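Student: I have a new model to go through. Can you show me how to read its features, one at a time?

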Amino acid sequence: MASDMEIMDRGISCLLEKLGVIETERFIAVINRERFDYTKWQRRKFDGMSSEAFHEAAVAYSKQRPFIKKT
């Protein structure tokens, strides 16, 4: 199991890779300012979605971004 520090390092690396330095800083600032709750955000995003629509979205997402384990 990864330590909290390892998870933070990996998360920041992902953000930097996908967003770049400036947008990563903006993302972190928004999260801190808004007291962001990921679970509540996901609930609002998916609660109104039927199970079929959720399944279709998950399948489409996995096809666009296949899992590749990094070692």
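**Reading the model**

Tutor: Take A53 as a starting point: it sits in helix α3, which covers residues 51-64. Keep in mind that this is a predicted model.

Student: Is A53 buried or exposed, or something in between?

Tutor: A53 is partly exposed, because its relative accessibility is 30% and that class lies between the buried limit of 20% and the exposed limit of 50%.

Student: How far is A53 from R26 in sequence and in space?

Tutor: The two are 27 residues apart along the sequence. From C-alpha to C-alpha, A53 and R26 are 31 Å apart.

Student: Which helix holds Q64, and how accessible is Q64?

Tutor: Q64 also belongs to helix α3. Q64 counts as exposed because its relative accessibility is 58%. Its C-alpha atom is 18 Å from that of L19, with the two positions 45 residues apart along the chain.

Student: Now the whole chain. How many helices and strands does the chain have?

Tutor: There are three helices and zero strands. In sequence order the pattern reads α-α-α.

Student: What does the radius of gyration say about the chain?

Tutor: Set the value against the one for a compact globule. For 71 residues such a globule would come out near 11 Å, but this chain has 15 Å. Along the principal axes, the C-alpha atoms fill a box of roughly 35 × 35 × 25 Å.

Student: What share of the residues is buried?

Tutor: Buried residues are 4% of the 71 in the chain. The accessible surface amounts to about 7000 Å². Carbon and sulfur atoms account for 58% of that surface.

Student: How should I read a pair of aromatic rings?

Tutor: Two values describe such a pair: the distance of the centres and the angle of the planes. In this structure the count is two aromatic pairs. One of them joins Y38 and W41, with 5.6 Å centre to centre and 45 degrees between the planes. That pair is tilted, because its angle falls between the limits of 30 and 60 degrees.

Student: Where do Y38 and W41 sit relative to each other?

Tutor: Both are in helix α2, which spans residues 38-46. They are three residues apart, so about one helical turn separates them. Y38 is partly exposed at 49% relative accessibility. W41 is partly exposed as well, with a relative accessible area of 34%.

Student: What is the geometry of the pair F46 and F54?

Tutor: F46 and F54 are edge-to-face, with centres 5.2 Å apart and planes at 85 degrees. The label follows because the angle is over 60 degrees. On accessibility, F46 is partly exposed at 25%. F54 is partly exposed at 40%.

Student: Back to Y38 for a moment. How far apart are the C-alpha atoms of Y38 and M8?

Tutor: They are separated by 15 Å, and the two residues lie 30 apart along the chain.

Student: And how do I read charged side chains?

Tutor: Side chains of opposite charge can pair when their charged atoms come close. A search of the whole structure gives two salt bridges.

Student: Which residue does R33 pair with?

Tutor: R33 bridges to E34, and their closest N and O atoms are 3.4 Å apart. R33 counts as exposed because its relative accessibility is 56%.

Student: What is the N to O distance in the bridge of D47 and R43?

Tutor: That distance is 3.2 Å. D47 is exposed, with a relative accessible area of 53%. R43 is exposed too, at 53% relative accessibility.

Student: How far apart are the mean positions of the positive and negative charges?

Tutor: They are 2 Å apart, taken over 13 positive and 11 negative charges.

How values were computed:
Residues numbered from 1 in each chain as written. Predicted model: local features only at pLDDT ≥ 70, side-chain atom pairs only at ≥ 80, totals over all residues. Heavy atoms only, no water. Helix = DSSP H or I, 4+ residues; strand = E, 2+ residues; numbered from the N terminus. Rg over C-alpha atoms; globule rule 2.2 N^0.38 Å. Buried < 20%, exposed > 50% of the residue type's maximum accessible area, 1.4 Å probe, protein only. Areas by Shrake-Rupley, 256 points an atom, 1.4 Å probe, with all protein chains shown as cover. Lys, Arg positive; Asp, Glu negative; His and termini not counted. Charge placed at Lys NZ, Arg CZ, Asp CG, Glu CD. Phe/Tyr/Trp six-rings, centres within 6.5 Å; stacked < 30°, edge-to-face > 60°. Salt bridge = Lys/Arg side-chain N within 4 Å of Asp/Glu carboxyl O.
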